[in-house]
Amino acid sequence: MEKSYCTAVVLAAGRGNRMGTEVHKQYLLLAGKPIVCYSLQVFQESDIIDEIILVTGEGEEDYCRKNFVEKYGITKVSRIVTGGKERFHSVWNGLRETREDGYVFIHDSARPFVDEEMLSRLYEIVRLDKACVAGMPVKDTIKIADKEGYAARTPDRSLVWQIQTPQVFESALIIEAYEKLMQEKDRLAAEGIRITDDAMVVETLMNLPVRLVQGSYENIKITTPEDLLTAEAFLCHYNILE
Ligand code: CTP
Ligand code: MG
């Protein structure tokens, strides 16, 4: 089958409140390299990704161009766009610059350990199912709490996945889904529905099933300080083995 055009929308417009550092977490150095540059380099070297749209915080566009895009030779970056208040605003700003044909890989820059094999698994599946996301079966038992903090339900662990990025969609589908979201976001917020990933937008507004594809247990999101130690341990381990 002919290769379709693939765009990566890389999100780097968050403020990293849970990390608590002055520098936003995606710009922190991990083994001497800014976290955002790990995934940019994977997309740059990928046979699947044709173009990268980088979404950054307001006023950080030039800083990102100079220190990440130019310094690390990420020539596939066609545009650096300004993000918004919530993650979904940032995604929307990226999608507005995306071609309507082909596929979009939406990725959190806070996940440095995406790899080409994962991209390839996602690409194979999205061509069949139109919408898929990386994730892994959980290792811990998960409980749903009630509002008082008591365990209310225990879902069957074999059916529970932790969801990662990339989240990959037909471009036309995800653009339409986000157009609907932007029209209905106030209603959803009033109903207490908080949009935390892109699959949710497709599930909620397009009524289309989203396929879960194996990511990896290394594909962590750097969120709190101890995640940096885990990430360093992975780097150490794999560099020694290579
Ligand atoms: N993100 C974004 N725009 C936002 C919020 C988040 O582009 N308005 C990006 C982040 O930069 C990150 C990814 O979305 O790469 C996942 O979000 P998260 O881990 O929640 O990062 P932050 O929102 O920065 O962190 P926190 O929630 O702790 O403030
Ligand atoms: Mg956040």
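In the predicted model, ligand 1 is surrounded by 19 residues, of which Gly16, Asn17, Lys25, Ser90 and Lys221 are the closest. Sorted by class, this shell comprises 4 nonpolar, 7 polar and 8 charged residues. Two secondary-structure elements, S1 and H3, each contribute at least two residues to the shell.

Polar contacts to ligand 1 involve both side-chain and backbone atoms of the protein. A nitrogen atom of ligand 1 is placed 2.7 Å from a polar side-chain atom of Ser90. An oxygen atom of ligand 1 lies 2.7 Å from a polar side-chain atom of Lys221. For Ser109, by contrast, a backbone N or O atom is involved, at 3.3 Å from an oxygen atom of ligand 1. The ligand taken alone exposes 560 Å², and the protein buries 89% of that area.

The site occupied by ligand 1 is the largest pocket of the model. This pocket holds about 1,200 Å³ of space. Its lining is made up of 40 residues, and those closest to the pocket centre are Arg18, Arg87, Asp108, Thr196 and Lys221. Lys221 thus appears in two settings: it is among the residues closest to ligand 1, and it is also among those closest to the centre of the largest pocket.

Several elements take part in forming the lining of the largest pocket. Strand S1 (6-12), helix H3 (87-95), strand S10 (161-170) and helix H6 (198-206) each provide at least two lining residues. The greatest contribution comes from S10, with 4 residues. S1 and H3, which also supply the ligand shell, are among these lining elements. In composition, the lining contains 11 nonpolar, 15 polar and 14 charged residues.

Two features of the backbone geometry were also noted. Most residues other than glycine have a negative phi, and most peptide bonds are trans. Against this background, the peptide bond from Thr165 to Pro166 is cis, with omega near 5°. Pro166 is located in strand S10, the element that gives the most residues to the lining of the largest pocket. The second feature concerns Ala31, which is not a glycine yet has a positive phi of about 50°. Ala31 is found in the loop that connects strand S2 (29-30) and strand S3 (33-34).

Key: Residues are numbered from 1 along each chain as its sequence is written. Chains are lettered from A and ligands numbered from 1 in the order in which they are written. This is a predicted model: local features need pLDDT of at least 70, side-chain atom pairs count only at pLDDT 80 or more; totals for chains, interfaces and linings use all residues. Side-chain values use heavy atoms; hydrogens and water are left out. On a 1 Å grid over the protein atoms alone, a cavity is a set of points where a 1.4 Å probe fits but cannot get out, and a pocket is an open set with protein on both sides within 12 Å along at least five of seven lines; lining residues have an atom within 4 Å of a point. Grid points are joined across faces, edges and corners, and a volume is the space filled by probe spheres set on the points. Ala, Val, Leu, Ile, Met, Phe, Trp, Tyr, Cys and Pro count as nonpolar, Asp, Glu, Lys and Arg as charged, and the others, Gly among them, as polar. A residue is near a molecule or strand if one of its heavy atoms lies within 4 Å of it. A polar contact is a pair of N or O atoms within 3.5 Å; within protein, one must be able to donate a hydrogen and the other to accept it, and residues adjacent in sequence count only if both atoms are side-chain atoms. Accessible areas come from the Shrake-Rupley method with a 1.4 Å probe; for residues, only the protein chains shown count as cover. A molecule sits in a cavity or pocket if more than half of its atoms lie within 2 Å of its grid points.
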